[in-house]
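Student: Could you take me through one part of this model slowly, following the strands and what packs around them? I would like one connected account rather than a list.

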Amino acid sequence: MKIFDAHFHIIDFNYEVKENNGYMPPSYLTEDYQEETQNMNIAGGAIVSGSFQGFDQQYLLKALSDLGPEFCGVTQLPYNVSDEEIVSLNDKGVRALRFNVKRGGSEDLAHLSDFAKRVHDLVGWHSELYIDSKNLPDIEETILSLPAVSIDHLGLSKEGLPNLLRLVDKGVHVKATGFSRVDLNVQDTLKEIYQANPDALMFGTDLPSTRAPKRFTSEDIQLVQDTFDEAAAHKIFYQNAKEWYRK
């Protein structure tokens with residue numbers, strides 16, 4: 001099954017990496033990622049900036065250069081970034097703006113509405129939220145006013161799943177990533193999200209599984225394959241994310 005890896009990290013200590021909430025990530029270079037996924041049919045993906053990388057762009061541009069044009073970037077930027085910088089990053093393969101509500105290290109949610117609309121109008125980027133879905137009602141009205149939004153890691157919690165499903169029904173996308181991070185039944189949740197919107201789910205390895213209780217394994221791929229027929233699995237593993245990231 002061909003995979004567009006919708007969520008993974010590259011961690012290169014030749015560039016800025018800083019402790020976040022007492023956590024310092026391991027080194028994980030492009031060659032580490034390529035080696036770990038060599039037996040998977042990876043046909044592109046999205047490199048996601050972590051809380052521990054703040055607003056640094058240099059590691060991301062290096063990783064995009066190393067991995068090639070089928071890969072794109074999801075970055076964190078300060079609200080006062082210039083239009084010229086956003087356009088330059090887009091030209092180099094960045095395709096989304098991330099707000100890390102769970103861990104910090106990104107711009108404040110107070111700027112979500114204006115900033116998300118600005119980058120979408122300027123270069124067509126969607127915005128990605130790492131947030132516990134139980135907190136989605138606080139910003140639901142804002143999210144529904146935005147042109148394109150995705151939520152990381154299945155929204156994390158069973159308590160917030162109804163909130164997430166309401167947004168999925170309205171076109172919000174969801175990353176099927178980090179299965180050991182979540183407090184819900186993964187298989188049942190995947191089915192409910194797919195039923196609400198077959199275009200919403202986007203599979204990712206979440207490598208190198210920073211802070212996760214259990215590292216990604218091929219069992220995560222098998223779980224999706226066991227849950228869906230081949231056509232649905234193709235959408236989840238490849239088609240939905242490839243279209244979402246415009247690759």
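Tutor: In this predicted model, strand 6 and strand 7 run parallel and are joined by two bridges. Within that pairing, isoleucine 151 stands opposite valine 174 of strand 7, and valine 174 is one of the residues through which strand 7 is covered on both faces, with His173 and Lys175 buried on one side and Val174 and Ala176 buried on the other. That arrangement can be read against a general rule, namely that side chains in a regular strand alternate between the two faces of the sheet.

On its other pairing, strand 6 (residues 149–151) meets strand 5, again in the parallel sense, over three bridges, and here serine 127 stands opposite valine 149. Strand 5 in turn pairs in the parallel sense with strand 4 (residues 94–100) over five bridges, where asparagine 100 stands opposite tyrosine 130. Five of the five residues of strand 5 (residues 126–130) are buried, so strand 5 is largely enclosed by the rest of the structure. His126, Glu128 and Tyr130 point one way from the strand, whereas Ser127 and Leu129 point the other way, and all are buried.

Returning to strand 7, we can ask what lies around it. Strand 7 (173–176) is among the elements that cover the buried residues of helix 7, together with helix 6 (161–168), strand 8 (201–203), helix 8 (218–227) and helix 9 (230–244). The buried residues of helix 7 (residues 186–196) are Val186, Thr189, Leu190, Ile193 and Tyr194, and because they cover an arc of only 130° around the axis, they are placed on the same side of helix 7. The general background is that an α-helix has 3.6 residues a turn, so residues three or four places apart point the same way.

Leucine 201 ties several of these pieces together: leaving aside residues up to four places away in sequence, it touches Val174 and Ala176, as well as Leu190, Ile193 and Tyr194, and its further contacts are Leu154, Phe228, Lys235, Ile236 and Asn240. In the largest nonpolar core, which has 67 residues, Leu154 and Leu201 touch the most other members, although the largest share of that core, six residues, comes from helix 2. A second, separate core of 14 residues includes Ala46, Cys72, Ala148 and Trp244. Aromatic rings also deserve a glance, since ring pairs link Phe179, Phe203, Phe216 and Phe237 into a cluster.

Finally, some backbone details in the loops should be checked with care, given that most residues other than glycine have a negative phi, and most peptide bonds are trans. Leucine 156, in the loop between strand 6 and helix 6, has a positive phi of about 75° although it is not a glycine, and at 6% relative accessibility it counts as buried, the cut-off being under 20%. In the loop between strand 8 and helix 8 lies arginine 211, which likewise is not a glycine but has a positive phi of about 65°; at 24% relative accessibility, arginine 211 counts as partly exposed. Proline 208 is found in the loop between strand 8 and helix 8 as well, and the peptide bond that leads to it from leucine 207 is cis, with omega near 0°.

Key:
Residues numbered from 1 in each chain as written. Predicted model: local features only at pLDDT ≥ 70, side-chain atom pairs only at ≥ 80, totals over all residues. Heavy atoms only, no water. Phe/Tyr/Trp six-rings, centres within 6.5 Å; stacked < 30°, edge-to-face > 60°. Buried < 20%, exposed > 50% of the residue type's maximum accessible area, 1.4 Å probe, protein only. Helix = DSSP H or I, 4+ residues; strand = E, 2+ residues; numbered from the N terminus. Pairing = 2+ DSSP bridges. Core = buried A, V, L, I, M, F, W, Y, C linked by side-chain atoms within 4.5 Å. Contact = heavy atoms within 4.5 Å. Arc of directions from axis to C-beta.
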